[in-house]
Amino acid sequence: MNHSEVVDLLSERLETTKKDVTGLLRQFSNVFRTLLDNETALTLPDLGTFQTVERGERKGYDPGRKQHMILPKKRVLSYHPSEPLREDMKAKERGQ
Amino acid sequence: MTVKITYADFLDLIAEKSGRSHLHVDRFMHTLIGILHEGLDRDGHVAVRGLGRFELRWQKERAGRNPQTGEPIDIPAHYRIHFKPDAELRRFFNRGYAKLKPRYLAKPKEAETDADIRPAATEPAPAGEPEIRIAPVAAPVSPSMPGGRIRKPRFRGWMWITASVLIVLIVLLLSLRKGTEPPASRRMESPQVLSADPAETSVQKTMRADAPAFPGGSHTVAPGDQLWSLSGRYYNNQYLWPYIYGENDTVLENPDLLGTSLNLTIPPLYGESGNLTPGDREHVAEGYLRTYLTYKNAGKRDAHTYLWTAYKLGGEDLVRRFSDRIGSSDIDRVRRIRGEPRI
């Protein structure tokens, strides 16, 4: 499912315009990134927990140069799916 | 330090920014999450711009362990829910680190490994067997072929295997003949072969009856070394470690703690482990006795067990020699314990 399908479904179910939905989505995204950027963990019900963590230096390999290297530290987003979502996906497994 | 924000506070923030009611935003979020569920269920992936892409990834069955009890369990195959943030979002979070670049580590020298292979192929030639002379004959042929450079090391590796098999055969033949009548010309060859391959020297050593099982030597302590491990390595019996300690008790204060890069003397052992010669028994007994004295001074509770082994191996003679340093209660106690040490 892609972004436009999500927007279509949202406007249909909330009975508003697509423009309205896109605006709310943008606000959501802005608040989301601002919070996470300030090292705040955020849990959305039935979806999961989002948080940013620093990933330390690690060893890597450059196959082009055939050389080992140390990749620098990095800030990444970590996501842990919530239990209800995992249960849903288990149900999907059983259905198959 | 990570803090948490409640869902209600999060909704309030969005409501404030967008000028909508809390209730409206709540309804929006629930509908959005519902749609995300549907998307994952239907297609296995959902993408939302400004957020990222949720995706189901099939995780195969794998072996795991119960983190509480440590017992192995099979984790059945299942879907893993993976979330990849938008490229823009990733850049945003990582902007403080973006200037960091990977550091390349030193390149492994390929020229050296190449050089290592070359003498290996020429080395068997001095052994003087007619079959081995194939090596110099075959070598000039390969460079003329296209891609000969790649083929050459492979061919040499094959040569080296046949050459080492031949050497093993020669050594076996030599050791068999040595028992009956050693011809002078063969004798000239044998030291060459012995120096060529260290694996063969051990074969030769066990064949000779009069030679010590371990001729003695020295050992530089590496991290992770323990006396018992050294004893196991050199004597094939870890219980002989007090023997090594007895020889080194001037440099070693505590037999349980080895200082790295310390140089230890490994005394010779003439008998096999399990079948010590009388001389060995005497030396080992003294080692056990010195270990006992050290442990007794350190106040170790089971120190007398070392005295017991020393007493069983060395007898009253040894006890008399050290009588001024052995505790009288300890020796009385040890005399009463029956059995034989398994060394």
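**Notebook: chains A and B of a predicted model**

Entry 1, chain B overall. I looked up burial first and found that 34% of the 343 residues of chain B count as buried. The model I am reading is a predicted one. For secondary structure I recorded 14 helices and 9 strands in chain B. I then took the contacts in chain B between residues at least 6 apart in sequence, and 54% of them join residues at least 24 apart.

Entry 2, the interface. I counted 59 residues of chain A in contact with 59 residues of chain B. The area buried between the two chains is about 6,100 Å², and carbon and sulfur atoms give 67% of it. On the side of chain A, I noted that A:Met1, A:Leu24 and A:Arg33 lose the most area to chain B, together 12% of what that side buries.

I next examined polar links across the interface of chain A and chain B. The rule finds 25 residue pairs in polar contact there, with both residues at pLDDT 80 or more. I asked which elements of chain A supply at least two residues each to the side that touches chain B. They are helices H1 (3-14), H2 (18-37) and H3 (83-95), together with strands S1 (40-44), S2 (48-55), S3 (58-62), S4 (67-71) and S5 (74-81). H2(A) gives the largest share, 13 residues. By type, I list 28 nonpolar, 11 polar and 20 charged residues on this side of chain A.

Entry 3, salt bridges between the chains. I find 6 salt bridges across the interface of chain A and chain B, and the count over all chains comes to 21. One pair is B:Glu88 with A:Arg33, whose closest N and O atoms are 2.7 Å apart. This pair crosses from helix H3 (residues 87-93) of chain B to helix H2 of chain A. I checked the accessibility of both partners: B:Glu88 is partly exposed at 47% relative accessible area, whereas A:Arg33 is buried at 17%. I also recorded a salt bridge between the side chains of A:Glu5 and B:Arg42 (2.9 Å, N to O).

Entry 4, salt bridges within a chain. In chain A, I looked up A:Asp37 and A:Arg75, which form a salt bridge with closest N and O atoms 3.3 Å apart. The two lie 38 residues apart, A:Asp37 in helix H2 and A:Arg75 in strand S5 of chain A, and the pair links distant parts of the chain. Both A:Asp37 and A:Arg75 are buried.

In chain B, the side chains of B:Arg321 and B:Glu286 meet in a salt bridge (3.2 Å, N to O). B:Arg321 lies in helix H13 (residues 303-321) and B:Glu286 in helix H12 (residues 278-297), so the pair ties together parts that are 35 residues apart in sequence. I further noted that salt bridges with shared partners join B:Asp249, B:Glu286, B:Arg290 and B:Arg321 into one network.

Entry 5, nonpolar cores. The largest nonpolar core holds 46 residues, of which A:Phe28, A:Leu44, A:Phe50 and B:Phe10 touch the most other members. Setting aside neighbours within four places in sequence, I find A:Phe28 in contact with A:Leu44, B:Phe10, B:Ile14, B:Phe28, B:Met29, B:Leu32 and B:Leu51. Apart from this core lies another, of 37 residues, including B:Leu252, B:Tyr292, B:Leu293 and B:Phe322.

Entry 6, B:Glu55. I located B:Glu55 in strand S3 (residues 52-59) of chain B. Is B:Glu55 buried or exposed? B:Glu55 counts as buried because its relative accessibility is 18%, and the limit is under 20%. The side chain of B:Glu55 makes a polar contact with that of B:Arg57 (2.8 Å). Beyond four places in sequence, I list among its contacts B:Leu40, B:His45 and B:Arg80.

Key. Residues numbered from 1 in each chain as written. Chains lettered and ligands numbered in written order. Predicted model: local features only at pLDDT ≥ 70, side-chain atom pairs only at ≥ 80, totals over all residues. Heavy atoms only, no water. Core = buried A, V, L, I, M, F, W, Y, C linked by side-chain atoms within 4.5 Å. Buried < 20%, exposed > 50% of the residue type's maximum accessible area, 1.4 Å probe, protein only. Contact = heavy atoms within 4.5 Å. Helix = DSSP H or I, 4+ residues; strand = E, 2+ residues; numbered from the N terminus. Polar contact = N/O pair within 3.5 Å; in protein donor to acceptor, adjacent residues only side chain to side chain. Buried area = accessible area lost by both parts, 1.4 Å probe. Nonpolar A, V, L, I, M, F, W, Y, C, P; charged D, E, K, R; others polar.
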